[in-house]
Amino acid sequence: MSVLEMTGRQLDYWATVYRRTWKGSAVLSFVQPWLYIGAMGVLLGGYVDDSGFELRGASSYLEFIAPGLLVATAMQVGVGEVMWPVMGAIKWDKTYYAMIASPLRVVDIVAGHLAYATFRVVLTSAVFAAVLAAVGIFTSVAGALGAFGAAVLVGVALAAPVYAFSAGAQTEQGFSLIYRLGMIPMFLFSGAFFPISHFAAPLEWLARLTPLWHGVELARMSALGLWNAMAIVHVVYLGLLLGVGAWWAVRRLERRLVV
Amino acid sequence: MVTARGLRKSFGGFEAVKGIDVQVRRGESFGFLGPNGAGKSSTMRMISAVSPPSGGQLRVLGLDPSEHGSRIRARLGVCPQEDTLDTELTVRENLLIYGRYFGIGRREVAGRADELLGFFQLGEKRNEKVDNLSGGMKRRLTIARSLINDPDLLLLDEPTTGLDPQARHTLWDKLFRLKQQGVTLVLTTHYMDEAEQLCDRLVVMDGGLIVAEGSPLELIQRHSTREVAELRFGVGEHAELAASVEDLADRVEVLPDRLLLYTHDGEEALARVNERGLSPVAVLVRRATLEDVFLRLTGRTLVD
């Protein structure tokens, strides 16, 4: 049985899960971009634009941070979908145990859940990108699609290793660490809000190693139409993270469920 | 349907199953009887093809679970010890979604779901959330769900543990009907009445090993007398008094709260006890059960 077919068999389950929860997430994914644009792009941006800082080709602060906001939102949604929900499926509702008693294998379960996380990332990123397009951020349709693609890639690439973490986690304490020591610092310091060249060299290199920086760079070069060969590095980095993360997730969940 | 030879399972340094031989034939109802911790559930999980054996040989439906787990599970129905229903979904959705995991088409799974809801008397609850069901109903739904793929082999791990007597009897009735329809059942239990009601053949497990095997009747005949006279005396008197009635029965068991006299004629034994001037606080003559078999084989009672 192919993983694809087995993932398809879970479609009705995930569709039911989505039908049950879509209202809240839909409203949020529409409201959130406007909050960011208002507070950081327009209000904070007003000060920054007056200061005359060089913003790496962006014509306004809003234009500079918009790709970063898009990518960071994709990260939040992707990662959020594989923390508590994964732990719940193992510990609280035991839905994974029901699944594993059927013909589904661990690899199918991981594929199904990551596919659902991808779906959520795609929807949220699409709404966010549409709002940015309405505000006139993108220079071309291709640029908009590229930034959207970068956001989806980041959301899924980060979801994979976090899934692996959740699959083996005994308590939920680790999740708040991921938020506080992983996602929030990345959100603040990975070049979404200011060029990382403002850092001292070691910190700049640290920022360059974070997945979010690669995603922000990729989305920004696409949004502004300033492509260069680094794009390949970004895509390969995020692709590897996704591949290794997914492999690790299957391995960890296998150890957890198959005892 | 199931063949195990020298089957073992260890978790770290702890050996839960220490080498058992089991054979389950098509159409029969087979039981694992034993106290908590006897290795029943570990054995069931290995047969369910979700837990790899640590040693020995295992074939389920003629296949090796470590190689063909998914193919085996496609033909099994599994009712785990702990309910794994999706409490956020409705009763009917639980069946529909589970059926889809087996690759059954939507239309067909809907038909089967309605049929099963009828059979398990859950039709009125079809659109209720699982959260709102009673324990007995959840259990029936779990078993209904395990039948959604029309399995060749139904595995039930402690199907009625934690249910009230009425819910247990309802469930037994359903399982008995399934058995009559020719479904092969394998179940674990620590209730002897359940084993007597449902099992054609069973093994008694203790400490990871099989200590006896046969039909409930055979086991009782082989390891116990036909009748048992229970004598209850004052607290702490039982061990002392055992000696004075020893010759009245084939065997006397001393429990903390009563004496068990194993004999072919319980009334006769009681009369003799009274002749000796002993006056128990309470007496009971009953037929021997698997509980007596278990006591005989292990020196302990089943449910502590």
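Reader: At what angle do helix H5 and helix H6 of chain B pack?

Author: This is a predicted model. Helix H5 of chain B covers residues 135–146, and helix H6 of chain B covers residues 165–180. Their axes lie 9 Å apart, and the packing angle is about 15°.

Reader: Roughly parallel or roughly antiparallel: which describes H5(B) against H6(B)?

Author: The angle between the two helices is about 15°. Angles under 35 degrees count as roughly parallel. H5(B) is therefore, relative to H6(B), roughly parallel.

Reader: Is the crossing of H5(B) and H6(B) left-handed or right-handed?

Author: Look at how H5(B) passes H6(B). The crossing is right-handed.

Reader: Which residues of H6(B) does H5(B) meet?

Author: From H5(B) come B:Gly135, B:Gly136, B:Arg139 and B:Arg140. The residues of this contact divide into two nonpolar, three polar and three charged. On the H6(B) side stand B:Ala167, B:Thr170, B:Leu171 and B:Lys174.

Reader: Which strands are the edge strands of the sheet S2-S1-S4 in chain B?

Author: Three strands form this open sheet, with antiparallel pairing. The twist from one strand to the next averages 25°. An edge strand pairs on one side only. That picks out strand S2 (14–24) and strand S4 (55–60) of chain B.

Reader: Which residue in S2(B) stands opposite B:Arg8?

Author: Strand S1 of chain B, residues 2–11, pairs with S2(B) in the antiparallel sense. Eight bridges join the pair. Opposite B:Arg8, in S2(B), stands B:Lys18.

Reader: Why is one side of S11 and of S13 in chain B left without a neighbour in the sheet?

Author: The four-strand open sheet of chain B runs in the order S11-S12-S10-S13, with antiparallel pairing. Its twist averages 20° from one strand to the next. Strand S11 (251–254) and strand S13 (282–287) stand at the edges, so each has a single partner strand.

Reader: Which residue in S12(B) stands opposite B:Glu227?

Author: Strand S10 (residues 227–232) and strand S12 (residues 259–263) of chain B run antiparallel. Five bridges join them. The residue opposite B:Glu227 is B:Thr263.

Reader: Which helix packs on the sheet that holds S10, S12 and S13 of chain B?

Author: The helix in question touches S10, S12 and S13 of chain B. Its direction makes about 35° with that of S10(B). It spans residues 266–275 of chain B and is helix H10.

Reader: Which helix gives the most to the side of chain B that touches chain A?

Author: In the interface, 24 residues of chain B are in contact with 21 residues of chain A. Helix H2 (65–73) and helix H3 (91–101) of chain B each supply at least two residues of that side. The chain B side divides into 12 nonpolar, six polar and six charged residues. With six residues, the top contributor is H3(B).

Reader: What ipTM does the predictor give the complex?

Author: Two scores apply to the complex. The pTM is 0.89. The ipTM is 0.89.

Reader: Which element of chain B has the lowest mean pLDDT?

Author: Chain B has a mean pLDDT of 90, and 99% of its residues reach 70 or more. Among its elements, H3(B) has the highest mean, 97. The lowest, 81, belongs to helix H9 (residues 238–245) of chain B.

Reader: And where in chain A is confidence lowest?

Author: Chain A averages a pLDDT of 92, with 100% of the residues at 70 or above. Confidence is highest, at 97, in helix H11 (residues 230–257) of chain A. It is lowest, at a mean of 87, in helix H2 (residues 11–51) of chain A.

Conventions. Residues are numbered from 1 along each chain as its sequence is written. Chains are lettered from A and ligands numbered from 1 in the order in which they are written. This is a predicted model: local features need pLDDT of at least 70, side-chain atom pairs count only at pLDDT 80 or more; totals for chains, interfaces and linings use all residues. Two residues are in contact if their C-beta atoms, placed from the backbone, lie within 7 Å. Ala, Val, Leu, Ile, Met, Phe, Trp, Tyr, Cys and Pro count as nonpolar, Asp, Glu, Lys and Arg as charged, and the others, Gly among them, as polar. pLDDT is the predictor's confidence in each residue, from 0 to 100. Axes are lines fitted to C-alpha atoms, for helices over the stretch in contact, and angles run from 0 to 180 degrees between N-to-C directions. Angles under 35 degrees count as roughly parallel, over 145 as roughly antiparallel, 65 to 115 as roughly perpendicular and the rest as oblique. A crossing is left-handed if the near helix is turned anticlockwise from the far one by less than a right angle, and right-handed if clockwise. Two strands pair if DSSP finds at least two bridges between them.
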